[in-house]
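This report describes selected backbone features and one chain contact. Please look at the sequence and the structure below before reading on.

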Amino acid sequence: MARTRTFRLPDELLASLEERARDRGDSANALAERLLEEGLRRDRHPLVDFWDSAAGRRAIVLGTRLEVGQVIDTWLLSDKSVTQTAEYFEIPQAKIQAAVSYYAEFQEEIDQWRERKQEFADREYEAWRKEQALFT
Amino acid sequence: MRDRGDRGVWSHALAEQRAVLTEDVRDFTLLVREWAAAGESHFGVVFTSPRSMSRRAKTFGLYVERLDDFLREHPADDALADQIAWLN
């Protein structure tokens, strides 16, 4: 449930927020809510960042292109070995551990993301397979 | 390439006239559709699934073998132009 809370913010900051919201086609409220939410998450998980992909906003491991959900997929396939997962992606173990910590806090959200991503891939593969069959 | 977003990778592949090999089906499918809708060409996308084509150390040999076979079957630089293919 949403509640109203008043903040006193500098004019420049508000103007910057409104300008950025216009650029993105968002409302200032929606953008402020997202930035606040992501800022709080970053505060707790400093090795996790957020960026826009073609399919929407996503949590990634800082300094990489790796989505947290993608790291978790590999971590689960690697018998939950942080060492093996780090070797696989060739990144420090601390970054894998950071993804696991983030997953622990937002497991439902990440699992939904993983499920949607897999469903999309399965549909695309089936459509491609049917199309290929027409050529044989 | 690690610090580039999907669009950065896509632009780089276009500039170098390369196909993209990726597990990221959703994001790159959407990019391909966006590109096609704008009437632009690309040099192909090859998708793999971590479930059937894992790049883990234990199965990496299989991955390389399949990719090698695929590339031998498609030797031309533009063999995948405007196409999506799957290695599965």
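In what order do the three strands of the open sheet in chain B lie, and is their pairing parallel or antiparallel? The order is β1-β2-β3, and the pairing is parallel. The model is a predicted one.

**The sheet of chain B**

β1 (20-22) and β3 of chain B are the edge strands; each has a single partner strand, so one side of each has no neighbour in the sheet. On average, neighbouring strands of this sheet are turned by 20 degrees against each other, with direction ignored. β1(B) and β2 (residues 45-48) of chain B run parallel and are joined by three bridges. One residue pair can be named here: B:Leu21 has B:Val46 in β2(B) as its bridge partner.

**The contact between the chains**

Chain B places 19 residues in contact with 18 residues of chain A. On the side of chain B that touches chain A, α2 (25-37) and β3 (84-87) of chain B each supply at least two residues. The largest share of that side is from α2(B), with six residues. Sorted by class, the side of chain B that touches chain A holds eight charged, six nonpolar and five polar residues.

**Helix α1 of chain A**

Helix α1 of chain A covers residues 11-24. How far apart should the ends of this helix of 14 residues be at 1.5 Å a residue? The expected span is 20 Å, and the end C-alpha atoms are 20 Å apart, so the two values agree. α1(A) is hardly covered, since the count of buried residues among its 14 residues is zero. The residue that follows α1(A) is A:Gly25, which has a positive phi near 75 degrees.

**Positive phi outside glycine**

In chain A, A:Lys80 has a positive phi although it is not a glycine, and A:Glu90 likewise has a positive phi without being a glycine. A:Lys80 is placed in the loop between α3 (68-77) and α4 (82-89) of chain A. A:Glu90 is found in the loop between α4 and α5 (93-105) of chain A.

| Residue | Phi | C-beta neighbours inside 10 Å |
|---|---|---|
| A:Lys80 | about 60 degrees | 11 |
| A:Glu90 | about 55 degrees | 8 |

Are these residues buried or exposed? A residue counts as exposed with 12 or fewer such neighbours. A:Lys80 has 11 and therefore counts as exposed. A:Glu90 has 8 and therefore counts as exposed.

Notes: Residues are numbered from 1 along each chain as its sequence is written. Chains are lettered from A and ligands numbered from 1 in the order in which they are written. This is a predicted model: local features need pLDDT of at least 70, side-chain atom pairs count only at pLDDT 80 or more; totals for chains, interfaces and linings use all residues. Helices (H or I, at least four residues) and strands (E, at least two) are DSSP runs, numbered from the N terminus. The expected span of a helix is 1.5 Å times one less than its number of residues. A residue is buried if 20 or more other C-beta atoms lie within 10 Å of its own, exposed if 12 or fewer, and partly exposed in between; C-beta atoms are placed from the backbone. Two residues are in contact if their C-beta atoms, placed from the backbone, lie within 7 Å. Ala, Val, Leu, Ile, Met, Phe, Trp, Tyr, Cys and Pro count as nonpolar, Asp, Glu, Lys and Arg as charged, and the others, Gly among them, as polar. Two strands pair if DSSP finds at least two bridges between them. Axes are lines fitted to C-alpha atoms, for helices over the stretch in contact, and angles run from 0 to 180 degrees between N-to-C directions.
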